[in-house]
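Thanks for coming, everyone. I'll keep this short. Please have a look at the sequence and the fold on the screen, and then we'll walk through them.

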Amino acid sequence: MRAVLLIVVAALVAICVSAAAASPVASESGKRVQLIADCFKPKFKPKDVIIACGDASLGARGMSWSTWTRKKADGNGTGQINDCFPDCANGTTQTGPMELQLSKPQLCSNGKRVFAKLHYIWTSGPPPYATATGTVPIGCKLAAL
């Protein structure tokens with residue numbers, strides 16, 4: 001009887017271990033730090049990022065993330081900036097290579113972890129009306145989380 005009980009316990013342990021190994025994404029998804037890339041919803045490794053949420057006049061497209069950890073993320077893409085002249089709807093958009101650096105993860109009230117600081121760098125020099133680098137606060141407050 002004792003041998004049967006040990007076999008049953010060993011089988012249950014094996015089932016639990018294999019189930020945990022089969023679904024690492026589910027167990028890690030709550031721990032992943034995300035970016036509020038569209039001014040509303042946190043995303044993991046987004047391809048497109050809006051940096052200026054008020055008018056979407058500054059952003060980056062086609063992001064490729066070389067680093068994405070629980071503490072920081074680094075990626076490269078194509079920066080876009082609108083001169084908003086005479087207004088943002090009718091302005092001219094310039095593009096160029098841009099690097100994004102994310103840091104300062106924070107825990108939001110909905111349980112999601114998001115980066116709270118975004119630093120951008122125009123890697124081949126900025127368009128004439130843009131600054132070469134900048135830092136933007138992002139995070140839970142941005143999406144009211």
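Let's start with the largest pocket, which has a volume of about 180 Å³. Bear in mind that this is a predicted model. How many residues line the largest pocket? There are 14. Closest to its centre are Ala 56, Leu 58, Gly 59, Arg 61 and Gln 80. Strand 3, strand 4 and strand 5 each supply at least two residues of the lining. Which strand gives the most? Strand 4 does, with 4 residues. By class, the lining has 6 nonpolar, 5 polar and 3 charged residues.

Stay with Ala 56 for a moment. Ala 56 sits in the loop between strand 3 and strand 4, the latter spanning 58–68. Its phi is near 55 degrees, a positive value in a residue other than glycine. Is Ala 56 buried or exposed? Neither, quite: relative accessibility is 48%, so Ala 56 counts as partly exposed.

Lys 45 also has a positive phi, about 50 degrees, although it is not a glycine. Find Lys 45 in the loop between strand 2, residues 42–43, and strand 3, residues 49–50. Its relative accessible area is 38%, so Lys 45 is partly exposed.

Now the interior. The largest nonpolar core has 22 residues. Which residues have the most contacts inside it? They are Val 49, Ile 51, Trp 65, Leu 100 and Tyr 120. Strand 1 (33–36), strand 4, strand 5, strand 6 and strand 7 (113–122) each supply at least two residues of this core. The largest share, 5 residues, comes from strand 4. Recall that strand 4 also gives the most to the lining of the largest pocket.

Take Leu 100 from that core. Set aside its neighbours within four places in sequence. Leu 100 is then in contact with a list that includes Val 49, Ile 51, Trp 65 and Tyr 120. Also among its contacts are Ala 60, Met 63, Ala 73 and Leu 118. The list is not purely nonpolar, as Asp 74, Gly 75 and His 119 are on it too. Apart from the largest core lies another one, of 5 residues. Among them are Ile 36, Val 114, Cys 140 and Ala 143.

Cys 140 brings us to Ser 109. These two are 31 residues apart in sequence, and 8.0 Å apart in space, C-alpha to C-alpha. Ser 109 lies in the loop between strand 6 and strand 7. With a relative accessible area of 70%, Ser 109 is exposed.

Next, Asn 82, in strand 5. Is Asn 82 buried or exposed? The relative accessible area is 15%, so Asn 82 is buried. What does its side chain reach? A polar atom of that side chain lies 2.7 Å from the backbone nitrogen of Cys 84. For the backbone oxygen of Cys 88, the distance to a polar atom of the Asn 82 side chain is 2.8 Å. Beyond four places in sequence, Asn 82 touches Ser 57, Cys 88, Gly 91, Thr 92, Thr 93 and Tyr 129.

Last stop, the loop that follows. Which peptide bond is cis? Look at the one from Phe 85 to Pro 86, with omega near 5 degrees. Pro 86 lies in the loop between strand 5, residues 73–82, and strand 6, residues 93–107.

That's my tour. Over to you.

Key. Residues numbered from 1 in each chain as written. Predicted model: local features only at pLDDT ≥ 70, side-chain atom pairs only at ≥ 80, totals over all residues. Heavy atoms only, no water. Buried < 20%, exposed > 50% of the residue type's maximum accessible area, 1.4 Å probe, protein only. Core = buried A, V, L, I, M, F, W, Y, C linked by side-chain atoms within 4.5 Å. Contact = heavy atoms within 4.5 Å. 1 Å grid on protein atoms, 1.4 Å probe; cavity = no way out; pocket = protein on both sides within 12 Å on 5 of 7 lines; lining within 4 Å. Points joined across faces, edges and corners; volume = space filled by probe spheres on them. Polar contact = N/O pair within 3.5 Å; in protein donor to acceptor, adjacent residues only side chain to side chain.
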